[in-house]
Amino acid sequence: MTGRRIDVSRLPREVAELIDALPPGEDLVVTRDGEVIATISSTGGAPRAAGPEIADDVTVVATAMRLSESARGKLSAELGTDYIVIDMHAAPATADVLLVPPVSPQLIGNLRRSFPKARVVVAEIDDAELGVSYHGPVRRLLDAGATTYLPSTTIPHLAKQLDRTVTHERQLTGGAPARREIDASPRPPHDAE
């Protein structure tokens, strides 16, 4: 191959993820002010590695985020023997779960085509011990002072989630403010003391 080259590790993470997720034969069009300035064509990448033997009764979790072997091993160990955690490039297309960082809807769509049967799970992780940090909009909201994030699909579902969250907090804290976490319960804004 002739021409100039750039190692993908020198590109911004989001661009590298877009390129990694390109299905064979698809292009990523780069524009400036609506004008096409470059096209990145997928060659299909390296063939997927043979990977480990996977029993039929094991849940395969493919990671679409850069995780070290030790981080994937730790996640696999924490999940237990019913799971195996593999980098998406070594995972079979029949993977059960695809673990992704907060990315664009377009990238989610591309990844979904590569793993059509997988449940796509978006995760924001901050594990200093293992050197993993994937922050997204929910973490930024919590860092700004929100106490809970409830992804509700309908008003009745929101009502159930909110009631369960408020009731759970009161049981755990006796009405005192809870520490902010994604799964923590919110303190009602006008709680009578």
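**Group meeting: a walk through the fold**

Hi everyone, let's start with contacts, meaning heavy atoms within 4.5 Å. In this protein, residues 24 or more positions apart account for 47% of the contacts with a separation of 6 or more.

Now, some housekeeping. The model is predicted, so to speak of local features we need pLDDT of at least 70, and side-chain atom pairs count only at pLDDT 80 or more, while totals for chains, interfaces and linings use all residues. Numbering runs from 1 along each chain as its sequence is written, and side-chain values use heavy atoms, with hydrogens and water left out.

What does the secondary structure come to? Five helices and eight strands, which are DSSP runs numbered from the N terminus (helices: H or I, at least four residues; strands: E, at least two). Along the sequence the pattern reads α-β-β-β-α-β-β-α-β-β-β-α-α.

Let's look at the sheet. Four strands make an open, parallel sheet in the order 4-3-5-6; pairing here requires that DSSP finds at least two bridges between two strands. At the edges sit strand 4 (83-87) and strand 6 (119-122), each pairing on one side only. From one strand to the next, the twist averages 25°. Angles run from 0 to 180 degrees between N-to-C directions, with axes fitted to C-alpha atoms, for helices over the stretch in contact.

Packed on this sheet is helix 2 (residues 69-79), which touches strand 3, strand 4 and strand 5 (97-100). The direction of helix 2 makes about 165° with that of strand 4.

Finally, zoom in on strand 3 (residues 59-63), which pairs with strand 4 in the parallel sense over five bridges. There, Val-61 has Val-85 in strand 4 as its bridge partner.
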